[in-house]
Amino acid sequence: MQKLFRWASKWWPGLIPLAVMWGFAAWNNTLPVEADLSARSSAALKDTVLDKTRIVVDGRDVGLAADAFSEEGRRDAVMAVETVPGVRLVDDRTRLVPEAKPFVWTAERDVVRVTLSGSAPLPSMKARLTEAARKEVGGVEVADQMGLARGAPPRFEAAAMLLLDQIGKLKDGKITITDTKVNLSGMARELGGREAIAAALKNLPEGFSIAANEIKAPPYIFQAYKDPVAATVTLTGYVPDNNVHAAIATSAARKFFTEKVVDNLKASIGAPGSFSTAVVPALGALSRLSTGTLVVSDREVKLSGDALYEGAANDIRAGLGKDFPKNWQYKPEITVKPAAGPVDGTVCQQLFSELLTKGKIRFATRRADIDPDSAGILDRLIETALRCPTTNIEIAGHTDADGEDSFNQALSEKRAQAVIDYLVKAGLPASRFTAVGHGSTQPLAGNDTDEGKAQNRRIEFLVR
């Protein structure tokens, strides 16, 4: 027996390296098997919809951890791994993505970025929404802060995509889907943007509705600037349509201003109601200023500049707002131009003639009522008369040849007197003026055309 133990003590230590070599060989053979099962398990999941997927293989046992978006999707994922050849057991560690109640998704735009937040129902949809936002705002940063959640209403993606199409129309704002209710707020980037968004919202998918639409439009601005140095009146901003554009430009050039009219107006939707009713008389008031600026912003009219004399300033301050439609505001900032130096009778006559060559005092048809649009030219005539206070002035009226001679004679006298009454009301002494009517006896042009008749209907200022 002692011999047996002595023999065994000699060979059993050799079993230790043999066991180590066997273990290493077994482990070395297991690695390729586990790697293969991991790769084939991953491939089996390629058609499933999962998030945060993790596969751990231990021998032929597979541990599957993932977030699934439905119970059916979770079962299908586990079954797909179970059917992989060589898999003995699947340790199911999958779970359902939490459900959002209510399901809220938001797109918010500020000066520097668009931020997407709230929930998206699938990773692929989350990526599509982010890419759609980038395309819509071209070059603006898009921050993806969306999480993943179950509970999205049917046709959610179609609704979100349509709303992302509106982000590009906003200067700033926020669009939110809460289950099937849509809320919008913010400022449109351009005139017409608010209307374009409202039109697009009519195409929301079935089941979705607008809970609140508080998109505001930028101010609808019309401007006119009168520059006495350049002798121009520049019109900029917006008008409702081409017809209003033509009417305003024509009134400015033919009725109100003797200066060159520079027309830079553009047609755009979004004009406040009664736009023309307010803008036209405001242009008439601007025509009475030596230099001035008219700004119409939505329903607010601001007129600033220098009137030609104190009476005109008071008249403009008090009178213009009365002509505006209801709910319009008028803010006059009218000062008085410093009085020009006095001139003698010869220069005074020259100034009168130049003014009446460029502009005309107009009257109601076949009546002696002065057209209110003539206030601008009358103010300039009054300013000139103030510069030659010692001269006497004859106001001569002329008509065209239409109608009876006796009627025309009486009409020309009444119109001349109407002009004197206007001058006296402005503060000039009545003793300086004499009214004379010539009827149609002193034509400047033939009376066989409308243009000739228009030239013959006139008022003249003659220094005596």
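# Exercises on a predicted model

A search of the whole structure, which is a predicted model, finds 1 disulfide.

**Exercise 1.** Identify the cysteines that form the disulfide, place them in the chain, and decide whether each is buried or exposed.

*Solution.* Begin with the sulfur atoms: those of C348 and C388 lie 2.1 Å apart, and a pair of cysteine sulfur atoms within 2.5 Å is taken as a disulfide. Next, place the two residues, which are 40 residues apart and link distant parts of the chain, C348 being in helix 10 (residues 345-358) and C388 in the loop between helix 11 (375-387) and strand 17 (393-398). Finally, turn to accessibility, where buried means under 20% relative accessible area. C348 has a relative accessible area of 0% and is therefore buried, and C388, at 1%, counts as buried too.

**Exercise 2.** Work out how helix 10 and helix 11 are oriented to each other, and describe the residues that meet between them.

*Solution.* The axes of helix 10 and helix 11 come within 10 Å and cross at roughly 175°. Since angles over 145 degrees count as roughly antiparallel, this is the description that applies to helix 10 and helix 11. On the helix 10 side the contact is made by C348, L351, F352, L355 and L356, and these meet I377, R380, L381, T384, A385 and R387 of helix 11. Sorted by type, the residues of this contact comprise 8 nonpolar, 1 polar and 2 charged. C348, a member of the disulfide, is thus also one of the helix 10 residues in this contact.

**Exercise 3.** Carry out the analysis for helix 5 (residues 156-167) and helix 6 (residues 193-201).

*Solution.* The axes of helix 5 and helix 6 come within 10 Å, with a crossing angle of roughly 170°, and the two helices are therefore roughly antiparallel to each other. Helix 5 contributes L162, L163 and Q166 to the contact, while helix 6 contributes A196, I197, A200 and L201. Of the residues in this contact, 6 are nonpolar and 1 is polar, with no charged residue.

**Exercise 4.** Compare the span of helix 7 (residues 242-256) with the expected value, then find which of its residues are buried and what covers them.

*Solution.* Helix 7 has 15 residues and reaches 20 Å from its first C-alpha to its last, which is close to the 21 Å expected at 1.5 Å a residue. Its buried residues are V244, H245, I248, A249, S251, A252 and F256. The elements covering them include strand 11 (221-227), strand 12 (232-239), strand 13 (260-267) and helix 8 (275-286). In reading such a list, recall that an α-helix has 3.6 residues a turn, so residues three or four places apart point the same way.

**Exercise 5.** Locate K52 and R155, which have a positive phi although neither is a glycine, and state how accessible each one is.

*Solution.* K52 has a phi of about 55° and is found in strand 1 (residues 50-58); with a relative accessible area of 60%, K52 is exposed. R155 has a phi of about 65° and is found in the loop between strand 7 (141-148) and helix 5; at a relative accessible area of 45%, R155 is partly exposed.

**Exercise 6.** Describe the peptide bond from K101 to P102 and say where P102 lies.

*Solution.* The bond from K101 to P102 is cis, its omega being near -5°. P102 itself belongs to the loop between strand 4 (95-96) and strand 5 (104-109).

How values were computed:
Residues numbered from 1 in each chain as written. Predicted model: local features only at pLDDT ≥ 70, side-chain atom pairs only at ≥ 80, totals over all residues. Heavy atoms only, no water. Axes fitted to C-alpha atoms, helices over the stretch in contact; angles between N-to-C directions. Helix = DSSP H or I, 4+ residues; strand = E, 2+ residues; numbered from the N terminus. Parallel < 35°, antiparallel > 145°, perpendicular 65-115°, else oblique. Contact = heavy atoms within 4.5 Å. Nonpolar A, V, L, I, M, F, W, Y, C, P; charged D, E, K, R; others polar. Buried < 20%, exposed > 50% of the residue type's maximum accessible area, 1.4 Å probe, protein only. Expected span 1.5 Å × (residues − 1).
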